[in-house]
Amino acid sequence: MDFALAADWFNLLSRWFHITVGITWIGTSFYFMSLDYSLKAKRPGETGADGVAWEVHGGGFYHVQKYLVAPDNLPPDLLWHKWAAYLTWVSGFTLLVAQYYLNARGFLIDPTVADIQPWQAIALSLGSIVAGWLAYDALCKSPLAARPALLAVVVFAMVVGAAWGFGQVFSGRGAFIHVGVFVGTIMAANVFLVIIPNQRIVVGDLIAGRKPDPKYGKIGKTRSTHNNYLTLPVLLMMVSNHYPMLTSHPHGWLIVAFILVMGALVQHTLNRHEAGDEWQSYGWAVPVAAFALVCTIFITSQRPKLDVSAAGQVSEARALELSAKHCATCHARRPSHPGFTEPPKGVALETAADLRRHAAAIAQQAVQSNAMPLGNETRMTDPERAELGAYLAAPR
């Protein structure tokens, strides 16, 4: 097995595992947030559980009870929901290495953005991941913790600022995926470094016969809520590399801002619905999220189009020359690029018939955006893109 094929399998299995454990973590998070909001609080003066819910699923009935601190007698078979979060981050970082670090020049670096070396890009990546968590954790431990709404606004600004910074040093794909990694690391670290340790303190106090301090549960609840509201934006960041309308936009940070607003408001609507609130109290979130979506679509549609008519008439020979230089190293029936054993998506661009067959995709990916070549590794210029676009647009 050659290196390229082995790398493909490593990438595929890492992605498959990441999706599997990610679904598990997200499902658990969504379930417990929904459960929290649907619990019926105990009446004043009652003892026992602080919240109770009856549920039905799969032909069975479930009676769920929640204690804000802990029950008087802790059962020995306590289940800890943590491994899905840990493995999601580990598998995601493994995928980051497989996709972006091992192919830094193609996926992480764009020399027209910042002409840096792979080791520099990887160092910036690792540094941003650590710095992001440290900054977020400091905010959560600051006086802002007593003002949740203001804390959320500051965290929002921090993520948008990070998105702008990523756009100054990485390719479009690299910038968007790093927003996902930046936020995903915060979410996983919340579980690993705050939520689970706090739960262990409460359990330890209970076993030792001490009265647990409820502050640990409150802190964990705050971090868990942050994770819940960040989930939908992170999911979109993770699939963004398939859509050059997002990753190739010159103002990607603004798109990230709208995605954060949309995802958080959709999640807020789901949460308040599960809590049984009156529509009038949270219904405003839906039109605001819809407005954010319209703004995002408008922004992506307003990107200046490359004027291909300025290139004049372009011959077939010139178009094939451009394809051979910028496309066919990867998109060939036998790719010469060391990172590919087969043409990506089965698209070969070696003949005039190939170019005509995939004209729409080429125009989108390599003419009206710089999504291709990957990382602009061959340094394709705008005049060359215009020439290729003119050839594709000419009547046959």
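This passage describes a predicted model of one protein chain, from its overall make-up to a few local features. Residues are numbered from 1 along each chain as its sequence is written. Local features need pLDDT of at least 70 and side-chain atom pairs count only at pLDDT 80 or more, while totals for chains, interfaces and linings use all residues; side-chain values use heavy atoms, with hydrogens and water left out.

To begin with the whole chain, the protein has 15 helices and three strands, where helices (H or I, at least four residues) and strands (E, at least two) are DSSP runs numbered from the N terminus. Taken along the principal axes, the C-alpha atoms fill a box of roughly 85 × 50 × 45 Å. Of the 396 residues, 44% count as buried; here buried means under 20% relative accessible area, exposed over 50%, and partly exposed in between, with a 1.4 Å probe and protein chains only. The chain exposes about 21400 Å², and carbon and sulfur atoms supply 65% of that area, as computed by the Shrake-Rupley method with a 1.4 Å probe, where for residues only the protein chains shown count as cover. Among contacts (heavy atoms within 4.5 Å) with a separation of 6 or more, residues 24 or more positions apart account for 67%.

One such link across the sequence involves I196, which sits in helix α6 (residues 172-207). I196 counts as buried, at 3% relative accessibility. Its C-alpha atom is separated by 8.7 Å from that of H81, although the two residues are 115 residues apart along the chain. Leaving aside neighbours within four places in sequence, I196 is in contact with W80, H81, K82, Y86 and V191.

We turn next to helix α15. The twelve residues of α15 should span 16 Å at 1.5 Å a residue, and the end C-alpha atoms are indeed 16 Å apart, which agrees; the expected span is 1.5 Å times one less than the number of residues. Nine of these twelve residues are buried, so α15 is largely enclosed by the rest of the structure. The buried set runs through E384, R385, A386, E387, L388, G389, A390, Y391 and L392, and these residues pack against α12, α13 and α14.

The loop between α14 (359-367) and α15 (382-393) holds S369, a buried residue with a relative accessible area of 5%. A polar atom of the S369 side chain lies 3.3 Å from the backbone nitrogen of A371. P373 lies in the loop between α14 and α15 as well, and the peptide bond from M372 to P373 is cis, with omega near -5°. R379 is also found in this loop; although not a glycine, R379 has a positive phi of about 55°, and its relative accessible area of 47% makes R379 partly exposed.

A positive phi, near 60°, also occurs at K345, again a residue other than glycine. K345 is placed in the loop between α12 (316-326) and α13 (352-357) and counts as exposed at 78% relative accessibility.

Finally, the cysteines deserve a look. The count of disulfides comes to zero, a disulfide being a pair of cysteine sulfur atoms within 2.5 Å. C330 is in no disulfide, and the nearest cysteine sulfur, that of C327, is 9.1 Å away. C330 counts as buried at 13% relative accessibility, and C140 is buried too, with a relative accessible area of 10%.

Definitions and conventions
A polar contact is a pair of N or O atoms within 3.5 Å; within protein, one must be able to donate a hydrogen and the other to accept it, and residues adjacent in sequence count only if both atoms are side-chain atoms.
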